[in-house]
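Me: I have a structure here and want to test the labels put on it. Please take my questions one by one.

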Amino acid sequence: MLTIQKAEYELEKGAELNFEPWKMHSISVATNARLVADRIKGMDSDKAYILG
């Protein structure tokens, strides 16, 4: 099962292999996915964050 904690763990693992802007970009995508999902009825904002 996907969780925010697991997604953040995987992000940290990926950050070790990639340069810093990649990590900040990934966090931005996740945060914006959550913001969009918050405004759409029926969407799960945590799932959107994780998949973002």
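**Ser26 and the helices**

Reply: Leaving out residues up to four places away in sequence, Ser26 touches Leu11 and Gly52. Touching, or contact, means heavy atoms within 4.5 Å. This is a predicted model: local features need pLDDT of at least 70, side-chain atom pairs count only at pLDDT 80 or more, and totals for chains, interfaces and linings use all residues. Residues are numbered from 1 along each chain as its sequence is written, and side-chain values use heavy atoms, without hydrogens and water.

Me: Why does Ser26 count as buried?

Reply: Buried means under 20% relative accessible area, exposed over 50%, partly exposed in between (1.4 Å probe, protein chains only). Ser26 has 17% relative accessibility, so Ser26 counts as buried.

Me: What makes the buried residues of helix 2 lie on the same side?

Reply: Helices are DSSP runs of H or I, at least four residues, numbered from the N terminus. In helix 2, Lys23, Ser26, Ala30 and Ala37 are buried. They cover an arc of only 65° around the axis, which puts them on the same side of helix 2. The arc is taken from the directions from the helix axis to the C-beta atoms.

Me: What covers the buried residues of helix 2?

Reply: The cover includes helix 1 and helix 3 (45-51).

Me: Which residues of helix 1 are buried, and which are exposed?

Reply: Leu11, Gly14 and Ala15 are buried in helix 1. Their arc is only 105° around the axis, which puts them on the same side of helix 1. Gln5, Tyr9, Glu16 and Leu17 are exposed on the other side.

Methods. Helix = DSSP H or I, 4+ residues; strand = E, 2+ residues; numbered from the N terminus.
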